[in-house]
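Trainee: I would like to learn how to read a structure feature by feature. Where do we begin?

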Amino acid sequence: MLNRLRSLPIAVLILALLVAPARADRPMTLVVDATDIERRLVHSEMRIPASPGEMDLYFVEWTPGNHNPSGPIQNVVNFRIEDSAGKALHWRRDPTHVTRFTVDVPERSPHITVSLSYICNQPGVNSRSTDTYGLPGYGGLNWNTVLVYPGEADKGEFMVEATLRLPRDWRAATSLPRHDGADKAGAEVRATEHRYKPATLARLIDSPVIFGRHLNSQRIPIDHDAPHYVHSVARSPELCELPEARLEKFAEMVRQSEKIFGDFPFSQYHILVILSDAITGFGIEQSESTFIGMGERSFVNAETPRGGPMAVVPHEYIHCWNAKLMAPEGMFHENFHTPALTQLMWVYEGLTSYYTDIVAVRCGLLTEDEFVHRLANRINTYELQAGRQWRSVEDTAAGLRHLRARSASWEDLRRRQDYYAEGALFWMEVDAIIRVGTAGQRSLDDFCRVFFEVGPVPIGEPATYTRDTVIDTLNRVYSDHDWDALVRTRLERPVEDLTIDLPALLGYTLERVNEPIGEHSSSDGDEHASLRNSIGLNANREGEITSMVAGSAADRARLGYGMRIVAVNGKSYSGDALREAVRQSPDTGRIELLVNIDGETLETFTLRYNGGMRYPVLVRDESAPDLLSAIASPR
Ligand SMILES: [Zn+2]
């Protein structure tokens, strides 16, 4: 390009410079008015540099971290465009690409003004973690919900200067640097108007904000160049007080993570938590923050089994490396409307899920017993999941947009986003193979150290890897194994046999015992009946069948979803009655169920079953080294 320009006459060059749009040089300004957010409305106004002619504008469709076209465009209202003189411009929506709007920019309009309102608190299944939320006295904002960007914009170059207006006396926290220079303090200052420094579109989208009347900012007690914080908002200040002991565990989380993955790759980290029972249960990764919604008493409740809701934090933290520093090729593009290639999610989420539990146990968020118990349950889950025989793990990644929500019926056959948990089992097998093959000298930690050894990357623009990069790096760490074949058989093909051999490799056997022990909680007194491990069904308190295991005694008896169990062995149905019948089954060899099959017809079903109650447990095999203990040990 430069060479060709050099041969042009100077006059042509000057003319070209005069008419060339200087759009990239002028930042778009974005003013978000969240003073109405308690009423679940946010208003925004953008001033976007423009040139005469047809112009495309996009609402963020492929939100980072969601990996599917779930940008909640359905909640955008009051969408209006004006030229620089304030004259309304007609816009058109692309019916084949509903997040794309086209407008004709008139002559002598160096910018356009776009305004919209966003209806909060009603995300789609796939956009819960990238939505905007308003609650009485607090909330959280994802910038992707309140802006459009020019179709030609490169997210790594296109600059946006954002301002956020909040109700009086609210404070805000975000990783986005503020105009007054409080870059590393999480912008936790009381103000009505928060002005942020111009940032690339990529960085803005990667920097959500939480805010409220009661915002608590606690520094994680670790001596680190990159300060780490926990910020939380809730309806009262007491709910936002994370005990010192848990902050210490987060400090250890940072230390243990860096021993595995290398130095923290960014310059600050903010754990942004919305504490609410109304919008709980999501977490999403950013480069310098994580945006989490958890139950309002999560900080103040005594620690609950299995690490409690805090276990989401190590997961999102690991994504700073495995997502934000390095991501699969084709997953992220220069904009947010080009479809992502998601088949390598078994690395992005599978490796992250494997290390979530490891970092959690190494930093004390999980006990070793909880760690082993979770693993036993995970293996047990997949040994029951018949869908593995038609659909590979990779296929759950390729089709992930349809697999976030539960399948009300036959979920085992449809599968869910199993590249997370079954992906984690794959990585545990890899870890075990390396440890056994090198007599404990090397492990998957060494793979991570090499794999994530890349220079700094801009925020929101990770370096990339391919399937080959993964195989090559595994070979660099341990070459005496056919990694390509392992990836193919475990991840890229359906399995023939549902059995998972991993426990033997770890020095354990997976057994099903008749009595709950250790981490198993007894289900006695539970109104529901959770009996997937034994007769192969779950039923709710009314006796309605809510889950079936393909190939189980319940399946063979041809019970089905929606049928309602009325009586068990001649007694009225209850969770306890069904459990008792299962407990007696080694003596009886059968269970007789009276079932209402269609609302009015009663039919008797006989289950041939004699296995009693079954609880999965990993039992130590003393003839082999205990790899689980080695894996769980802090470094
Ligand atoms: Zn994740």
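Mentor: We will go through sheets, a metal site, helix pairs and single residues in turn. Keep in mind that this is a predicted model.

Trainee: How are the strands of a sheet held together, and in what order do the four strands of the open sheet run?

Mentor: Strands of a sheet pair through backbone hydrogen bonds, and the pairing is either parallel or antiparallel. Here, four strands make an open sheet in the order E9-E10-E16-E13, with antiparallel pairing. Strand E9 (133-135) and strand E13 (171-174) stand at the edges with a single partner strand each, so one side of each has no neighbour in the sheet. On average, neighbouring strands of this sheet are turned by 15 degrees against each other, direction ignored.

Trainee: How many bridges join E9 and strand E10?

Mentor: E9 pairs with strand E10 (residues 138-141) over three bridges, in the antiparallel sense. You can find one place to look at Leu 135, which stands opposite Tyr 138 in E10.

Trainee: Which strands pair with E19, and in which sense, parallel or antiparallel?

Mentor: Strand E18 (residues 228-233) pairs with E19 in the parallel sense over six bridges. E19 and E21 also pair in the parallel sense, over six bridges. For single positions, His 231 has Leu 272 in E19 as its bridge partner, and Ile 274 has Gly 293 in E21.

Trainee: Is strand E19 enclosed or open to the outside?

Mentor: For a residue to count as buried, its relative accessible area must be under 20%. In strand E19 (residues 269-275), seven of the seven residues are buried, so the strand is largely enclosed by the rest of the structure. Side chains also have a direction: Tyr 269, Ile 271, Val 273 and Leu 275 point one way from E19, while His 270, Leu 272 and Ile 274 point the other way, and all are buried.

Trainee: What covers the picture for strand E21: how many of its residues are buried?

Mentor: Six of the six residues of strand E21 (residues 289-294) are buried, and the strand is mostly covered. Both of its faces are covered, with Ser 289, Phe 291 and Gly 293 on one side and Thr 290, Ile 292 and Met 294 on the other.

Trainee: How does strand E20 pair with E21, parallel or antiparallel?

Mentor: Strand E20 (residues 282-285) and E21 pair in the antiparallel sense over four bridges. The two form a hairpin, with three residues between them. Phe 282 stands opposite Gly 293 in E21.

Trainee: Now the metal. Which atoms coordinate the zinc ion?

Mentor: Read a metal site by its donor atoms, then by the angles between them. The zinc ion is coordinated by NE2 of His 315, NE2 of His 319 and two OE donors of Glu 349, at 2.1 to 2.5 Å. Along the sequence, the donor residues are spaced H-x3-H-x29-E.

Trainee: Why is the arrangement around the zinc ion called irregular?

Mentor: Four donors count as tetrahedral if all angles lie between 85 and 135 degrees. The four donor atoms here subtend angles of 56 to 148 degrees, which makes the arrangement irregular.

Trainee: Are His 315 and His 319 buried or exposed?

Mentor: His 315 counts as buried at 11% relative accessibility. His 319 is buried too, with a relative accessible area of 0%.

Trainee: How do I describe two packed helices?

Mentor: Two packed helices are described by the angle between their axes and the distance between the axes. The axes of helix H7 (residues 350-363) and helix H8 (residues 368-383) come within 9 Å and cross at roughly 160 degrees. H7 and H8 are therefore roughly antiparallel to each other, and their crossing is right-handed.

Trainee: At what angle do the axes of H7 and helix H11 cross?

Mentor: The axes of H7 and helix H11 (residues 421-437) cross at roughly 70 degrees and come within 6 Å. That makes H7 roughly perpendicular to H11. The crossing of H7 and H11 is right-handed.

Trainee: Last, single residues. Where is Trp 321 placed?

Mentor: Trp 321 is in the loop between helix H5 (312-318) and strand E22 (326-328). Trp 321 is buried, with a relative accessible area of 0%. Trp 321 and Phe 264 are 57 residues apart in sequence, and their C-alpha atoms are 7.7 Å apart in space.

Notes: Residues numbered from 1 in each chain as written. Predicted model: local features only at pLDDT ≥ 70, side-chain atom pairs only at ≥ 80, totals over all residues. Heavy atoms only, no water. Pairing = 2+ DSSP bridges. Axes fitted to C-alpha atoms, helices over the stretch in contact; angles between N-to-C directions. Donors = N, O, S within 2.8 Å, 3.2 Å for Na, K, Ca; no water. Tetrahedral: all angles 85-135°; square planar, octahedral: opposite > 155°, others 65-115°. Buried < 20%, exposed > 50% of the residue type's maximum accessible area, 1.4 Å probe, protein only. Parallel < 35°, antiparallel > 145°, perpendicular 65-115°, else oblique. Left-handed = near helix turned anticlockwise from the far one by under 90°.
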